[in-house]
Amino acid sequence: MALDLTGLTAYVDETKMELIKKSILQGRTLEYVTIQADIKSSATINIIDTDIVGQAGSCGWNTDGTTTLSQRPLAVAPIKVNEAICVDDLEAYYTQTMMNPGSYNETLPFEQIYAESKSEKIANMIETIVWKGDTAGSGNTALADGFLKVIDAEGSVVIGNTGAETVIDASNVVDIVDAMVNAIPEDIIDAKDLILFMSYADYRTYSKALRDANLFHYTGAEDQGKEFSQMVPGTNVKAVAVKGLSGTSRMVLSRIANLYYGTDLLNDFEKFSIRYSEDNDEVRFKSKFKLGVQIAFPEFVVEYTNV
């Protein structure tokens with residue numbers, strides 16, 4: 001007589017492996033911009049500019065010259081992340097093996113890895129908004145305007161695509177970067193904090209092009225400190241890959257002192273609460289923070305965009 005197993009479902013051990021989180025590329029733009037804290041709704045970047053009018057030396061007083069005070073608004077948008085989880089729902093699945101005995105389910109059995117994942121996703125969202133935010137758009141990027149929108153609205157930004165390139169590839173990326181460096185305004189050409197932001201894809205293309213062009217003499221990020229950043233050869237400009245520019249085919253070159261990120265409390269986005277709601281019988285996640293960006297001097301920004 002044969003063994004009849006048609007009434008069974010093939011066994012899958014769903015509890016043998018630990019719960020893991022999905023890897024995401026972390027943002028790091030905030031390491032390379034100026035942070036302005038203590039902004040509840042809006043503030044101003046206060047700017048002073050004065051000219052010098054020389055005169056031939058003689059007796060008397062001939063006043064000349066102008067000092068101008070101006071401002072650039074830095075508004076921050078309040079953003080929150082809320083989620084509610086009914087822990088009871090986990091009882092019907094493999095997750096029941098992680099839960100405490102009894103029917104009072106008031107904590108997440110995987111709270112630590114859940115919190116880590118949320119924190120990383122929030123940092124990733126902020127990185128994306130900082131560059132690609134557009135309040136006229138949709139989704140998370142519509143929560144605030146980013147640097148690209150500010151740049152696109154300014155007529156004084158320096159055009160770095162002087163070769164009228166339509167794509168970035170191995171054959172032209174070195175020339176594109178060199179053209180952007182050559183387009184740096186003279187007033188900031190000797191600045192010590194010049195950063196060329198680009199996507200990870202364009203950075204990798206650039207690094208490979210440098211390596212191929214210089215053969216064994218190439219010294220990239222492995223000799224210059226932090227990964228995915230290196231000095232543009234023969235210049236005082238550091239090329240840095242940032243996730244916020246992924247998929248844009250855009251590059252932005254400016255001083256750290258010229259790019260502002262506004263917030264309320266510096267580490268607000270790193271804070272969150274996970275608590276049990278007695279009234280709703282569910283675990284709730286809450287995160288609240290503010291963000292906004294502004295450029296003090298648009299004329300000191302060199303940008304590359306496809307034509």
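Visitor: At roughly what angle do the axes of helix 3 and helix 4 cross, and within what distance do they come?

Guide: In this predicted model, the axes of helix 3 and helix 4 come within 9 Å and cross at roughly 105°. Angles from 65 to 115 degrees count as roughly perpendicular, so helix 3 is roughly perpendicular to helix 4. The residues that meet at this crossing are V173, V174 and V177 from helix 3, and D202, T205, Y206, A209 and L210 from helix 4.

Visitor: Which residues of helix 3 are buried, and what covers them?

Guide: Within helix 3, which spans residues 173-182, the buried positions are V173, I176, V177, A179, M180 and V181. Their cover includes helix 4 (200-214) together with strand 6, strand 8 (237-241), strand 9 (251-255) and strand 13 (302-304). Helix 3 lies across those four strands, strand 6, strand 8, strand 9 and strand 13, and runs at about 30° to strand 9.

Visitor: In what order do the strands of that sheet follow one another, and is the pairing parallel, antiparallel or mixed?

Guide: The sheet is open and has six strands in the order 5-13-9-6-8-7, with mixed pairing. Strand 5 (158-159) and strand 7 are at the edges, where each has a single partner strand, so one side of each is left without a neighbour in the sheet. At one edge, strand 5 pairs with strand 13 in the parallel sense over two bridges, and V158 stands opposite V302 of strand 13.

Visitor: How does strand 8 pair with strand 6 and with strand 7?

Guide: Strand 8 pairs with strand 6 in the parallel sense over five bridges, and within that pairing L194 has V237 of strand 8 as its bridge partner. Strand 7 (residues 229-231) runs antiparallel to strand 8 and is joined to it by three bridges, with S229 opposite V240 of strand 8. Strand 7 and strand 8 form a hairpin with five residues between them, and G234 in the turn has a positive phi of about 75°.

Visitor: How many of the five residues of strand 8 are buried?

Guide: Four of the five are buried, so strand 8 is largely enclosed by the rest of the structure.

Visitor: Which residues other than glycine have a positive phi, and where do they lie?

Guide: As a general matter, most residues other than glycine have a negative phi. Here S249 has a phi near 55°, a positive value in a residue other than glycine, and S249 lies in the loop between strand 8 and strand 9. D281, which is not a glycine either, has a positive phi of about 50° and is found in the loop between strand 11 (273-277) and strand 12. As for exposure, S249 counts as partly exposed because its relative accessibility is 29%, and D281 is likewise partly exposed, with a relative accessible area of 36%.

Visitor: Which residues have the most contacts inside the largest nonpolar core, and which elements supply at least two residues each?

Guide: In soluble globular proteins, nonpolar side chains tend to be buried together. The largest nonpolar core here has 40 residues, and those with the most contacts inside it are I126, W131, F147, F197, F289 and L291. Strand 4 (77-85), helix 1 (111-132), helix 2 (147-152), strand 6 (194-198), strand 10 (259-262) and strand 12 (282-295) each supply at least two residues of this core, and the largest share, seven residues, comes from helix 1. Apart from this core lies another, of 27 residues, among them I176, I188, A209 and V232.

Visitor: What is W131 in contact with, leaving aside its neighbours within four places in sequence?

Guide: With those neighbours left aside, W131 is in contact with T29, G146, F147, L148, F197, V242, G244, L245 and V252. For the chain as a whole, among contacts between residues at least 6 apart in sequence, 74% join residues at least 24 apart.

Visitor: How many disulfides does a search of the whole structure find?

Guide: A disulfide is a covalent bond between the sulfur atoms of two cysteines, and a search of the whole structure finds zero disulfides. Turning to individual cysteines, C59 counts as exposed because its relative accessibility is 79%, whereas C86, at 28%, counts as partly exposed.

Visitor: How many helices and strands does the chain have, and what percentage of its residues is buried?

Guide: The secondary structure comes to five helices and 13 strands, and buried residues make up 38% of the 307 residues in the chain.

Conventions: Residues numbered from 1 in each chain as written. Predicted model: local features only at pLDDT ≥ 70, side-chain atom pairs only at ≥ 80, totals over all residues. Heavy atoms only, no water. Core = buried A, V, L, I, M, F, W, Y, C linked by side-chain atoms within 4.5 Å. Buried < 20%, exposed > 50% of the residue type's maximum accessible area, 1.4 Å probe, protein only. Contact = heavy atoms within 4.5 Å. Pairing = 2+ DSSP bridges. Disulfide = S-S within 2.5 Å. Axes fitted to C-alpha atoms, helices over the stretch in contact; angles between N-to-C directions. Parallel < 35°, antiparallel > 145°, perpendicular 65-115°, else oblique.
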